[in-house]
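Thanks for asking me to take a look at this one. Here are my notes, in no strict order.

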Amino acid sequence: MPITLSPDLLKAAVLFTSKEETRYYLKGISIQATLATVKVASTDGHRLFVARVNQEENTDTFSIIIPTDTIATATKGAKYPLALSKLSDTQWRLGDTIFTPIDGTFPGYEFIVPKSVSGETAQFNPEYVAALGKANKLLGGTAENVTIGYNGDKPALVTGSGFKSHNALAVIMPLRSAAEDWTTILNSAMGDGFAVPPAEAQALAA
């Protein structure tokens, strides 16, 4: 039986794919079908998107990677779920778009997903954070309604109303930021003496 996939879910997953030519197997969306459940996943090595899609009927068991350009073509203007079916050993159909899956192995991603979060704050690439809001909006939420489960220097979990409605979540890797001399930075931008040196701040607090 063919499976059906939400075009908005596929559009959101594309935001997490890689653009690196050397990592061609990440330039697409992984579809893993088992009985009545389908896992949709994408990653660029810094972020991960994964969703579980329940099917009304049992499906064939298979695993393929749909190229990003196929997703763009198939989802353009699509308002209803797209059927994914196998035509031959080399060709598949997504909606009205016929394609050849990426010949590669999508990496195992289960070990990347943390089972809990510590709440310890971290820094993230701002472009990646913006993409999280865009994904949540595509999934029916808002760009602002995104929650990051901070996890220190370990992978952080991401959710939002849109993610939840599609049984989806995201994982984002933190930046390894160097310690900053904020007194120097403030004085440089605002003028000498703007920032209170740490020693004076401690004396004032005593």
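The points below cover a surface patch and two pockets.

1. Before anything else, keep in mind that this is a predicted model, and the values below are computed from it.

2. On the surface, have a look at the nonpolar patch made up of Trp-182, Ile-185, Leu-186, Met-190 and Phe-194. Taken together, these residues have about 530 Å² of accessible area.

3. Within that patch, I'd pick out Ile-185, which sits in helix α5, residues 182-190. Its relative accessibility is 35%, so Ile-185 counts as partly exposed; the cut-offs here are under 20% for buried and over 50% for exposed.

4. Now for the largest pocket, which holds about 290 Å³ of space. Its lining has 17 residues, with Ile-3, Thr-4, Asn-54, Gln-55 and Glu-56 lying nearest the centre. Two elements, β1 (3-5) and β3 (47-67), give two or more residues each to this lining.

5. Which element gives the most to the lining of the largest pocket? That would be β3, with seven residues. By class, the lining of the largest pocket splits into seven nonpolar, seven polar and three charged residues.

6. The second largest pocket has about 170 Å³ of space and a lining of 16 residues. Nearest its centre you'll find Arg-23, Thr-43, Gly-45, Pro-107 and Ile-112.

7. As for the make-up of that second lining, I see 10 nonpolar residues, along with four polar and two charged ones. Set that beside the lining of the largest pocket, with its seven nonpolar, seven polar and three charged residues.

Technical notes
Residues are numbered from 1 along each chain as its sequence is written. This is a predicted model: local features need pLDDT of at least 70, side-chain atom pairs count only at pLDDT 80 or more; totals for chains, interfaces and linings use all residues. Side-chain values use heavy atoms; hydrogens and water are left out. Patches are made of residues with over 30% relative accessible area and no salt bridge: like charges are joined within 9 Å, nonpolar side chains (Val, Leu, Ile, Met, Phe, Trp, Tyr) within 5 Å. Accessible areas come from the Shrake-Rupley method with a 1.4 Å probe; for residues, only the protein chains shown count as cover. A salt bridge is a side-chain nitrogen of Lys or Arg within 4 Å of a carboxyl oxygen of Asp or Glu. Helices (H or I, at least four residues) and strands (E, at least two) are DSSP runs, numbered from the N terminus. Buried means under 20% relative accessible area, exposed over 50%, partly exposed in between (1.4 Å probe, protein chains only). On a 1 Å grid over the protein atoms alone, a cavity is a set of points where a 1.4 Å probe fits but cannot get out, and a pocket is an open set with protein on both sides within 12 Å along at least five of seven lines; lining residues have an atom within 4 Å of a point. Grid points are joined across faces, edges and corners, and a volume is the space filled by probe spheres set on the points. Ala, Val, Leu, Ile, Met, Phe, Trp, Tyr, Cys and Pro count as nonpolar, Asp, Glu, Lys and Arg as charged, and the others, Gly among them, as polar.
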